[in-house]
Structures are given as structure tokens and as C-alpha cells.
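Trainee: Hi, could you walk me through this one? I have it open and would like to get my bearings.

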Amino acid sequence: RPRHAVRRRRLALGVVIAVLVPGAAAAATKIFGTADVARSMPAGTLALAGTEPSCTVVTEGVEYRCKLIRAPAPEVSDWKGTVEPTVDQNQRVNGGCRSLNSAGTEWSCYLGRAAVDQKIIGAGLLGVESSGPGAG
């Protein structure tokens, strides 16, 4: 009997995990939308403060295209190809963006591992706590 009880507990645990894990992933995707991506840009980089980004989905939960109403601070003369980290509302690095034009008003942004794969941030930076937007 003890073996059957252990087997039943394992089966029950497996069912609970199978139900909860996809639900948590779906909830995370719904919570993190285009407005969250837009807010994460200036939260990660001080030069993007006041630029008022707006983003659209390229691949839900992975890639976003963002446009800035105002150009970033002039600390970089040619923004094209520049990469910057993004920081979520919990003050953790959650991805990063790459400027698509010299003015720095169009960006491709990637979340999580996709930002690492795009060589925007290093794997060791993902999830690290941020004390505020990076400068310089």
C-alpha cells in the first residue's frame, strides 16, 4: 500500500504542475504587454527618459517594435545599432532594445532570452536587479 500512496501523490503532483505551469505562463504573457515594454525602455536607460515610447507586437511576449515621440538625449551622435537594456516594474532587467535608425526613434525590443540571443544583453544581466536607469 505505501507504494500505491506514493505513486498516487506523484501522479496528483504531476497533474497540479501540468495545470498550473501553463496557466502561470499565460498570465505572465497577458500581464506583460506593449505598454509594459514601452515603460521598460526609459526604466533601463536614462537617455530614453521623456521620449514617450509606444510599441507594437512583432512576436507576442518576445519581440516588439517601438517608436519614440521624441529623440533620446544627444549623448550618442548616431543611435543606429545602439543596444540598451530594459527594466520591468519589479526593477529587474527583463530584456533589451536595439535602435534601428540614427535618430534613435525606432527600436526593436526583445524580452528574456531573446534579448540574449540578439546579443543586446549578456545572459548574466537577465533578471538582475537595477537600481535605476543606466546613464552613459
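**Finding our way around the sheet**

Mentor: Happy to, and keep in mind that this is a predicted model. A good place to start is strand 1 and strand 2, which pair in the antiparallel sense over 6 bridges. Within that pair, Ser54 stands opposite Lys67 in strand 2.

Trainee: And what order do the strands of the open sheet come in?

Mentor: There are 5 strands, in the order 1-2-5-4-3, and the pairing is antiparallel.

Trainee: Which strands stand at the edges?

Mentor: Strand 1 (53-59) and strand 3 do. Each has a single partner strand, so one side of each is left without a neighbour in the sheet.

Trainee: By how many degrees are neighbouring strands turned against each other?

Mentor: On average by 30 degrees, if direction is ignored.

Trainee: What does helix 2 touch when it packs on the sheet?

Mentor: Helix 2 touches strand 1, strand 2, strand 3, strand 4 and strand 5. The direction of helix 2 makes about 120 degrees with that of strand 1.

Trainee: Let's look at the other end of the sheet. How many bridges join strand 3 and strand 4?

Mentor: Strand 3 (residues 83-87) and strand 4 (residues 93-99) pair over 5 bridges, in the antiparallel sense. One pairing you can look for is Val87, whose bridge partner in strand 4 is Val93. The hairpin of these two strands has 5 residues between them, and there Gln91 takes a positive phi near 65 degrees.

Trainee: Which other residues have a positive phi without being glycine?

Mentor: Glu52 and Lys119 are two such residues, with phi near 50 degrees for Glu52 and near 60 degrees for Lys119. Glu52 sits in the loop between helix 2 and strand 1, while Lys119 belongs to the segment after helix 3.

Trainee: Is Lys119 buried or exposed?

Mentor: Lys119 is exposed, with a relative accessible area of 69%. For Glu52 the value is 40%, so Glu52 counts as partly exposed.

Trainee: Now the inside. Which residues touch the most other members of the largest nonpolar core?

Mentor: That core has 14 residues, and Val37, Met41, Cys55, Tyr64, Cys66, Trp107 and Cys109 touch the most other members. Helix 2 (34-44), strand 2 (63-68) and strand 5 (106-111) are the elements that give two or more residues to this core. Apart from it lies another core, of 8 residues, including Val93, Tyr110, Ala115 and Ile121.

Trainee: What does Cys66 touch, leaving out residues up to four places away in sequence?

Mentor: Cys66 touches Val37, Met41, Ser54, Cys55, Thr105, Glu106, Trp107 and Cys109.

Trainee: Changing topic: where is Thr82?

Mentor: Thr82 is in the loop between strand 2 and strand 3. With a relative accessible area of 17%, Thr82 is buried, because the cut-off for that is under 20%. Setting aside neighbours within four places in sequence, Thr82 is in contact with Val76, Cys97, Arg98, Ser99 and Trp107.

Trainee: One last spot. How far apart are Gly132 and Arg92?

Mentor: They are 40 residues apart in sequence and 9.7 Å apart in space, C-alpha to C-alpha. Gly132 lies in the segment after helix 3 (113-117). Gly132 is partly exposed, with a relative accessible area of 24%.

Notes. Residues are numbered from 1 along each chain as its sequence is written. This is a predicted model: local features need pLDDT of at least 70, side-chain atom pairs count only at pLDDT 80 or more; totals for chains, interfaces and linings use all residues. Side-chain values use heavy atoms; hydrogens and water are left out. A nonpolar core is a set of buried Ala, Val, Leu, Ile, Met, Phe, Trp, Tyr and Cys residues joined through side-chain atoms within 4.5 Å. Buried means under 20% relative accessible area, exposed over 50%, partly exposed in between (1.4 Å probe, protein chains only). Helices (H or I, at least four residues) and strands (E, at least two) are DSSP runs, numbered from the N terminus. Contact means heavy atoms within 4.5 Å. Two strands pair if DSSP finds at least two bridges between them. Axes are lines fitted to C-alpha atoms, for helices over the stretch in contact, and angles run from 0 to 180 degrees between N-to-C directions.
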